[in-house]
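Ready to work through a protein chain with its ligand? Keep the viewer open, try each exercise first, and then compare your steps with the solution.

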Amino acid sequence: MFRPTVVRVLLVCLALLLAACGGPPAAPTGSGGAPPPAATPTGLLTPESLDRDFTDSAERQAAREALVERWIAPRVADPRVVAALRAVPRHSFIPTYLLDSAYNDHPLPIGYGQTISQPSLVAMMTELLDLQPGERVLEIGTGSGYQAAILAELDAEVYSVEIIPELAATARAVLDRLGYPDVHIDRRDGYYGWEEHAPYDAIIVTAAPDHLPQPLAAQLTDGGRMVIPIGPVGNVQTLWLVTREGDEVGMERLLDVMFVPFTREGE
Ligand SMILES: C[S@@+](CC[C@H](N)C(=O)[O-])C[C@H]1O[C@@H](n2cnc3c(N)ncnc32)[C@H](O)[C@@H]1O
């Protein structure tokens with residue numbers, strides 16, 4: 001039988017080996033990237049192996065309610081969106097070392113140099129999609145899975161793609177654990193959308209490309225809406241509402257925002 005010290009040495013060696021085989025990139029300074037979640041021997045993430053907390057205590061519910069009252073309800077008119085922000089436990093989508101900040105109106109690091117977006121921006125972008133029950137929505141940038149859960153609360157048919165495999169797997173496990181098994185997630189470069197399930201009544205992009213990806217505009221229904229930040233990496237970008245009427249694509253400038261970069265496969 002292994003002694004504890006021997007087991008510890010073996011675990012360290014295994015971690016070094018995994019890192020050498022192309023583990024997650026180190027988070028940039030200041031982004032506070034969390035360590036990657038543990039995996040089962042089969043490589044599948046389970047809720048038990050995740051660095052996530054699924055307990056929705058009265059204290060957390062009160063903190064969520066305070067966030068909604070202070071930052072969401074005054075800014076968002078659609079009561080369905082406000083209800084969605086009330087219902088989804090944001091604290092279950094972030095690494096546990098950040099639990100105390102879960103219900104501040106700030107973006108937070110989720111590892112791999114990525115973030116969960118600011119709740120008021122999530123609410124505002126969701127409202128702009130004007131989603132009706134049963135409509136099909138595509139999210140580019142699953143990240144933590146939080147925005148996808150908010151969309152699912154609106155009874156939409158949700159498709160979400162994420163370029164970083166570890167984030168896609170973690171989001172899948174969290175959404176399953178929280179009762180959102182119908183949210184479809186795929187690991188892919190969202191520049192090309194998710195053509196197999198197109199067209200979409202709405203598309204929400206949560207990372208900023210430097211131009212409007214034409215494949216995304218092409219995957220909107222006639223009458224479809226897309227909310228997308230566009231602009232330079234690491235600088236202020238513009239949030240746009242893109243609408244499609246027949247073959248015409250209209251663009252309305254909304255406000256300045258700052259999102260993580262839209263990365264491309266192979267970059
Ligand atoms: C601000 S984070 C997403 C926040 C997320 N919506 C949430 O609720 O947590 C942006 C995400 O977009 C992802 N991303 C960036 N470029 C992408 C691409 N080309 N295709 C798919 N996902 C991409 C990033 O890896 C990151 O997870």
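**Exercise 1. Find the loop that holds Tyr112 in this predicted model, and decide whether the residue is buried or exposed.**

Step 1. Look between strand E1 (108–111) and strand E2 (114–116): Tyr112 lies in the loop there.

Step 2. Check the backbone. The phi of Tyr112 is near 60°, a positive value in a residue other than glycine. Most residues other than glycine have a negative phi.

Step 3. Count neighbours. Tyr112 has 21 C-beta neighbours inside 10 Å, so it counts as buried. The cut-off needed here is 20 or more.

**Exercise 2. Do the same for Asp130: where is it, and how many C-beta neighbours does it have?**

Step 1. Asp130 sits in the loop between helix H4 (119–129) and strand E3 (136–140), and it follows H4.

Step 2. Its phi is positive too, near 50°.

Step 3. Asp130 has 14 C-beta neighbours inside 10 Å and therefore counts as partly exposed. That class lies between the limits of 12 or fewer for exposed and 20 or more for buried.

**Exercise 3. Which peptide bond is cis, and where is its proline?**

Step 1. Go to the loop between strand E5 (184–187) and strand E6 (200–205), where you will find Pro199.

Step 2. Read omega for the bond that joins Ala198 and Pro199: the value is about 5°, and the bond is cis. Most peptide bonds are trans.

**Exercise 4. Describe how helix H2 (residues 58–72) packs with H4.**

Step 1. Start with the axes. They are 10 Å apart, at an angle of about 65°.

Step 2. Add the hand: H2 and H4 make a right-handed crossing.

Step 3. Name the residues that meet. H2 brings Leu67, Trp71 and Ile72, while H4 brings Pro119, Ser120 and Ala123.

Step 4. Sort this contact by class: five residues are nonpolar, one is polar and none is charged.

Step 5. Now look at the cover of H4. Nine of its 11 residues are buried, including Pro119 and Ala123 from the contact with H2.

**Exercise 5. Turn to H2 and helix H3 (residues 79–87): at what angle do their axes cross?**

Step 1. The two axes cross at roughly 150° and come within 9 Å.

Step 2. H2 is therefore roughly antiparallel to H3, because angles over 145 degrees fall in that class.

Step 3. The crossing of H2 past H3 is right-handed.

Step 4. List the partners: Arg64, Glu65, Val68 and Ile72 of H2 meet Val82, Leu85 and Arg86 of H3.

Step 5. In this contact four residues are nonpolar, three are charged and none is polar. Ile72 is worth a second look, as it takes part in the contact with H3 and also in the one with H4.

**Exercise 6. Work out the surroundings of Ile116: which residues does it touch?**

Step 1. Ile116 belongs to strand E2.

Step 2. With 23 other C-beta atoms within 10 Å, Ile116 is buried.

Step 3. Leaving out residues up to four places away in sequence, Ile116 touches Phe93, Ile94, Pro107, Leu108, Ile110, Gly143, Ser144 and Tyr146.

Step 4. For a partner distant in sequence, try Thr206: it is 90 residues from Ile116 along the chain, yet their C-alpha atoms are 9.5 Å apart in space.

**Exercise 7. Map the shell around the ligand: how many residues surround it, and which are the closest?**

Step 1. The shell holds 25 residues, of which Gly141, Gly143, Ser144, Gln147 and Gly190 are the closest.

Step 2. E2, helix H5 (146–153) and strand E4 (157–162) are the elements that give two or more residues to this shell. E2 gives the most, with three.

Step 3. By class, the shell has 12 nonpolar, 10 polar and three charged residues.

Step 4. Finish with H5. Seven of its eight residues are buried, among them Gln147. After H5 comes Asp155, with a positive phi near 60°.

**Exercise 8. Sum up the whole chain: how many helices and strands does it have?**

Step 1. The protein chain has seven helices and nine strands.

Step 2. Of its 267 residues, 42% are buried.

Step 3. Take the contacts between residues at least 6 apart in sequence: 57% of them join residues at least 24 apart.

Notes:
Residues numbered from 1 in each chain as written. Predicted model: local features only at pLDDT ≥ 70, side-chain atom pairs only at ≥ 80, totals over all residues. Helix = DSSP H or I, 4+ residues; strand = E, 2+ residues; numbered from the N terminus. Near = placed C-beta within 6 Å. Nonpolar A, V, L, I, M, F, W, Y, C, P; charged D, E, K, R; others polar. Contact = placed C-beta atoms within 7 Å. Axes fitted to C-alpha atoms, helices over the stretch in contact; angles between N-to-C directions. Left-handed = near helix turned anticlockwise from the far one by under 90°. Parallel < 35°, antiparallel > 145°, perpendicular 65-115°, else oblique.
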